[in-house]
Amino acid sequence: MSLTTVHRTVQDCALQLLEYVASRTGLTEAVRKLQLARQFAASDDELKQLQLKWLPGGLQEWLLEKAIQVFGEPTWKYQDSLPPLPVPPLKNTLDKYLESVKPFVTAEEYKQTEAVVREFEEGVGQSLHQQLLERAKVKRNWIEEWWLDLVYLRSRHSLPLTSNIAGFIPTTDHMWPSGVEPEDQVPLYLWVSMHLWKLLRKEQIPVDKAVLTGQPFCMDQFRNMLSAHRIPGVTMDKIVSHFRTESEGPSPTHITVLCKGRVFKMECVDQEGEPLTPAELKLQLQMLKQQCENMSEGPHISALTAGNRTEWAKTREKMVEMDPVNAHNLSVIEKSIVVVAFDDAMPKDGGEALYQALVGSSRNRWFDHFNTGVVFKSGLYASNFEHSPADGMVAVYWGYFLFAQLQRIGPIQKVPARPVPEPEELVFTIDDEIRDAIVHTEETFIKQASDMELICPSFTDYGKKFIRSFQLHPDSYMQTALQLAYFRLHGKPAPTYESATLRQYYHGRTETVRSCTMEVVNWCKAMLDNTVPVEEKKELMMVALKKHLQIMDEAKSMLGCDRHLFGLQVLAQGAGIPLPSIFTDAAYTKSGGGGNFVLSTSLLGYTPCPGATSPMVHHGYGIFYNIQSDRIMYTISAWKSCKETSAEEMSASIQQSLRDMRQLLIMS
């Protein structure tokens with residue numbers, strides 16, 4: 001054995017010993033909390049509370065960097081040790097399903113559905129379930145490929161109208177530190193984005209963990225936060241991810257900028273692998289805008305990404321065949337860290353910015369890219385996220401990181417001391433047929449997008465602090481309020497989708513929480529009945545809240561029903577057998593199965609960064625909400641062409657429900 005080998009062996013053993021001691025003494029977790037504090041502290045004062053006052057600032061920063069290097073857990077440390085996604089017991093799934101359909105069927109219809117389900121359980125369901133168990137033996141996540149392909153990539157519909165989500169960074173004039181000029185804001189956005197890129201490259205984003213148990217969560221989706229792209233296909237799209245960590249090799253170092261119908265490549269990293277400074281980014285953007293001012297409007301190639309996926313795939317194929325430069329340009333865009341779009345719209349608030357980011361324009365959004373940041377002329381900033389490679393929590397992380405960092409960043413002061421790469425325009429070769437396709441796609445999109453109603457109100461009577469004071473879970477509380485709001489407005493219960501994370505499992509994504517339960521329906525009926533005593537209403541509310549908490553916990557442990565049923569259905573369709581009657585039974589659609597949930601909802605955490613999405617069905621609502629200490633912010637989308645729904649009326653009903661619930665708590 002050579003001396004070098006001995007040295008490496010001793011070094012590895014020493015590092016393992018340090019890791020063991022750090023984990024046993026709590027040092028690893030302490031470093032993790034410091035990392036999170038550095039990323040999400042909203043002010044310098046918050047950071048100062050964590051500092052050692054007797055150490056100089058420079059020395060503290062150096063020590064912290066060393067502590068992160070030695071004791072910090074790499075972002076993807078636990079990927080190989082995460083448990084595989086389990087297959088729940090068949091009886092458990094079917095019992096859960098039967099329970100979930102009760103609010104939407106009559107007693108006679110329920111008997112028929114129960115007979116159908118039991119027939120499935122004793123018949124073909126057994127063999128399909130066994131096939132699923134066999135698949136799970138060889139795949140750590142048995143649903144992953146099916147979910148991505150069938151739910152997302154085979155869909156031929158317009159991405160922003162059916163799949164993409166939007167997020168808003170609540171940057172207002174008073175949020176920016178003193179001295180930050182309007183022309184500094186976009187370079188600072190970019191610089192903070194590149195700081196996040198650097199942390200991911202170094203694997204220094206702390207591992208997400210369960211609050212109560214400390215169980216590590218899967219971080220795989222964070223690999224798609226940057227340089228991830230959906231490429232259209234004639235029958236099915238595909239996802240490409242070009243991001244690499246420093247240990248894995250080179251990663252793309254440029255962004256794409258959309259401005260005035262034109263497309264530009266902008267290098268954002270120097271030769272040493274460090275992001276360019278804010279002053280350098282500012283100079284680049286000034287160069288780019290000057291180029292645009294001296295040119296006519298471009299062809300708006302990006303509009304093609306808003307259309308039917310098959311049509312876009314065929315046009316893209318033609319562009320690639322027409323000129324190898326087109327193929328090169330598309331590859332540059334696909335590899336971009338992010339896409340930045342300059343928009344002439346003037347949204348005044350978060351609701352208008354979210355609408356504009358989601359469906360306001362197709363001319364300067366590259367909807368295929370995971371992250372298109374939209375810079376509005378009014379100074380507001382929002383993002384459009386392509387949903388297939390990652391779930392909403394990645395977008396929330398992105399938005400909250402930017403929001404927190406930008407509040408602590410100073411004005412741009414230094415003039416660049418070195419030359420910076422000049423932005424390069426990506427010029428496409430196109431013909432009249434492609435120009436016609438751009439016009440047609442844009443016209444179709446505008447017609448469809450104009451049908452969407454989207455608002456982003458805030459309920460300011462109270463928030464998480466008040467809810468927690470009664471030992472209630474804020475998410476269960478809001479879900480219960482949504483049920484009462486819909487029931488009051490429409491006179492019937494709504495099949496409801498709420499996302500529950502499965503990230504405790506390898507490559508886990510989401511399970512459905514069917515939050516419209518019989519317990520909440522009974523409470524809704526009581527709330528609208530003036531003869532029911534207040535104490536009974538409160539008791540029924542507590543039962544409904546407890547039930548929601550139960551089914552959320554079960555869903556997080558893969559003990560819901562929707563993902564299992566999805567897998568069984570995929571196997572049946574793949575086997576070429578007649579589709580089992582459980583999936584054709586009316587109760588399946590009535591209860592939300594097959595993507596028919598009337599309320600499509602999700603908690604975006606306890607941050608001030610809202611998001612938005614389209615409804616799942618034409619007669620439904622898309623509702624995202626953020627629960628802050630003193631308020632509840634939510635977005636509601638609906639289709640104007642549906643006479644049954646109204647985002648404004650639903651919002652008023654939500655606010656009334658929240659006030660009614662507060663009265664129950666303080667009066668009884």
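These legends go with a set of close-up views of a predicted model.

**View 1. His387 in its loop.** Start with His387, which the UniProt record (an unreviewed entry) annotates as "active site". The loop holding His387 runs between strand E8 (381-385) and helix H15 (392-406). With a relative accessible area of 17%, His387 comes out as buried, because the cut-off for buried is under 20%. Skipping neighbours within four places in sequence, the residues in contact with His387 are Tyr152, Ser163, Asn164, Ile165, Gly392 and Arg509. Zoom in on the side chain of His387 and you'll find one of its polar atoms 3.0 Å from the backbone oxygen of Ala390.

**View 2. A stacked pair on helix H15.** The whole structure has 17 aromatic pairs. Among them are Tyr400 and Phe403, with ring centres 6.4 Å apart and planes at 20°, so this pair is stacked. Both residues sit in helix H15, and because they are 3 residues apart, about one helical turn separates them. Tyr400 is partly exposed, at 24% relative accessibility, while Phe403 is buried, at 12%.

**View 3. An edge-to-face pair.** Here the rings belong to Phe583 and Tyr588, and their planes stand at 85°, so the pair is edge-to-face. The ring centres of Phe583 and Tyr588 are 5.5 Å apart. Buried or exposed, what are Phe583 and Tyr588? Both Phe583 and Tyr588 are buried.

**View 4. An aromatic cluster, and charges over rings.** Phe459, Tyr462, Phe466, Phe470 and Tyr477 make up one aromatic cluster. Phe466 also has a charge for company: the charged end of Arg662 sits over its ring, 5.5 Å from the centre. For another charge over a ring, look at Lys464, which lies over the face of Tyr606 at 4.7 Å from the ring centre.

**View 5. The open sheet and its edges.** This sheet is open and has 8 strands with mixed pairing, in the order E9-E5-E4-E6-E7-E8-E1-E15. Which strands stand at the edges? They are E9 (424-425) and E15 (611-612), each with a single partner strand, so one side of each has no neighbour in the sheet. Strand E8, which comes just before the loop of His387, is part of this sheet too.

**View 6. Where E9 meets E5.** Strand E5 (residues 262-267) pairs with E9 in the antiparallel sense, over 2 bridges. If you want a residue to centre on, try Phe264, whose bridge partner in E9 is Glu425.

Terms used:
Residues numbered from 1 in each chain as written. Predicted model: local features only at pLDDT ≥ 70, side-chain atom pairs only at ≥ 80, totals over all residues. Heavy atoms only, no water. UniProt positions renumbered as here; feature names shortened; annotations may be inferred. Helix = DSSP H or I, 4+ residues; strand = E, 2+ residues; numbered from the N terminus. Buried < 20%, exposed > 50% of the residue type's maximum accessible area, 1.4 Å probe, protein only. Contact = heavy atoms within 4.5 Å. Polar contact = N/O pair within 3.5 Å; in protein donor to acceptor, adjacent residues only side chain to side chain. Phe/Tyr/Trp six-rings, centres within 6.5 Å; stacked < 30°, edge-to-face > 60°. Lys NZ or Arg CZ within 6 Å of the ring centre and 35° of its normal. Pairing = 2+ DSSP bridges.
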